[in-house]
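Let's walk through this fold together, starting with its sheet and moving outward to the helices and loops. Please keep the viewer open as you read.

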Amino acid sequence: MTVTTLNTPSAEAVVTEAVRRAWSEVLGEEPESADVSFFEVGGDSLAAVEMIEHLQEELGRSVRIQDVYRSPSQAGLVTALLIDEGSVPAAHHTTGRTVVRLRNAGAGRLWCFLPPQSGAVTRYASMARLLPLADAVWACETPAALSREGMRAVADGLADALIGEGATDFDEIVLAGYSLGGVFAHEVAAALAARIGHERVSALQIDPPSPGDPALSLTATFEVFVRVGWRITAREPAEFIDAAGERDFAAVAAAAAEAGTLPKNAGADEVEEAWEVYAANAAILGGWEPVRHHPDDRRAMLRSVAADESVPGATETVWAPCAPEPAWAPALDAGHCWGIRLEHFQLLEAPNDATIARWLIAAADLLAGEVGAR
């Protein structure tokens, strides 16, 4: 994959003026400077969508919501829009806000997605259009400082942030998460339920890791960071580590730019900051075990199962009942785990995201029905 830039003064001037006008239309005033964040001066996810609509009308092309999240300043957004669309994913980039409102709706069901190992919410962007329109869809980013303080600090901090944002206004709150996000969903649901009651809170886990999973070692995490996060396949991850064990983030940045997953004018700082989140999250399961916090905990899990595992009926588009990983069994009711034959890193990729959305809806309805039957 390559990055195509429009390196002409006229193109940059057109895009800069379009961003200035769209920003002004949505927020009521021009940006104070080229570097101020859209989200720091009153912008939220709904305002971001409105700005995208203005930009699409101005520029006559599609604009991604990820561009605003990834580059929320005027200067950053101009740079992102001058890069050929579709070439730079936003998996590592955050808005700087703990709670991101992907879609507002009524006060019935609130979906809130918890961050995977990258700490960002961009993997969940498609869920805002795949889940029922009557439901609100939020997501949480990992507060980097809390990650370094351990699982309890993250769970309590995110629960408090959700309450502060008004989550208690909803009749039902479904915490969901992919990979490490599934672990966070389990723990944040427990922290939130302790504050507002278990009958309103549930957790849906999409292929969460277990304690001691070798995939969470720093070596394996760095391989995922390089190969999956930045899509660098032309070089081995070990090539970015010197003899003293130091990681060469400048070299990773250069390779990511070559792979088309990072703008060519980005530096090593951006890559190193992303790695710090990965590393903190990789260490967070140390000493932690999945337990049933309360008899009324409501949990459901979807597992990625191997082709040779006996799960009759499981396919890439259909899930079937299966046993959870042994470490997770104490935290789940019998019959609340399903398997699907999709590779872990493909679970939220299109078109698989639509299948996952269908499972989320079915599992949430099942858990809600069980509470109603008591």
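Two strands count as paired if DSSP finds at least two bridges between them. Helices (H or I, at least four residues) and strands (E, at least two) are themselves DSSP runs, numbered from the N terminus. What you are viewing is a predicted model, in which local features need pLDDT of at least 70 and side-chain atom pairs count only at pLDDT 80 or more, while totals for chains, interfaces and linings use all residues. Residues are numbered from 1 along each chain as its sequence is written, and side-chain values use heavy atoms, with hydrogens and water left out.

Let's begin with the sheet. Eight strands make up an open sheet with mixed pairing, in the order E1-E3-E2-E4-E5-E6-E8-E7. At its edges are strand E1 (99–103) and strand E7 (320–321), each of which pairs on one side only. As background, strands of a sheet pair through backbone hydrogen bonds, either parallel or antiparallel.

Now step inward from E1. This strand runs antiparallel to strand E3 (residues 136–140), and four bridges join the two. Val-100 stands opposite Ala-139 in E3, and Arg-101 has Trp-138 as its bridge partner. E3 also pairs with E2, this time in the parallel sense over four bridges, with Leu-110 opposite Ala-136 in E3. How much of E3 is buried, a term that means under 20% relative accessible area (exposed is over 50%, partly exposed in between; 1.4 Å probe, protein chains only)? Five of its five residues are, so E3 is largely enclosed by the rest of the structure. In a regular strand the side chains alternate between the two faces of the sheet. On E3 both faces are covered, with Ala-136, Trp-138 and Cys-140 on one side and Val-137 and Ala-139 on the other.

Next comes E4. Six bridges join E2 to E4, and these strands run parallel; here Arg-109 stands opposite Glu-172. E4 is likewise joined to E5 by six bridges in a parallel arrangement, where Leu-175 stands opposite Ala-203 in E5. Seven of the seven residues of E4 are buried, so this strand is largely enclosed by the rest of the structure. Its two covered faces carry Glu-172, Val-174, Ala-176 and Tyr-178 on one side, and Ile-173, Leu-175 and Gly-177 on the other.

What packs on this sheet? Helix H8 (residues 180–196) does, touching strand E2 (109–114), strand E4 (172–178), strand E5 (201–206) and strand E6 (299–304). Contact here means heavy atoms within 4.5 Å. The direction of H8 makes about 160 degrees with that of E4; axes are lines fitted to C-alpha atoms, for helices over the stretch in contact, and angles run from 0 to 180 degrees between N-to-C directions. H8 is mostly covered, as 15 of its 17 residues are buried. Its length is easy to check, since the expected span of a helix is 1.5 Å times one less than its number of residues. For the 17 residues of H8 that should give 24 Å, and the end C-alpha atoms are 24 Å apart, which agrees. After H8 comes Gly-197, whose phi is positive, near 110 degrees.

Another helix pair deserves a look. The axes of helix H10 (residues 249–259) and helix H11 (residues 268–282) come within 8 Å and cross at roughly 105 degrees. H10 and H11 are therefore roughly perpendicular to each other, a label that covers 65 to 115 degrees (under 35 is roughly parallel, over 145 roughly antiparallel, and the rest oblique). Phe-249, Ala-250, Val-252 and Ala-253 in H10 meet Ala-268, Val-271, Glu-272 and Trp-275 in H11.

Finally, visit a few loop residues. Ser-210 lies in the loop between E5 and helix H9 (218–229) and is buried, with a relative accessible area of 13%. Not counting residues up to four places away in sequence, Ser-210 touches Leu-285, Glu-325, Ala-327 and Trp-328. Asp-207 is placed in the loop between E5 and H9, and its phi is near 50 degrees, a positive value in a residue other than glycine. Further along, a cis peptide bond joins Ala-350 and Pro-351, with omega about 0 degrees.
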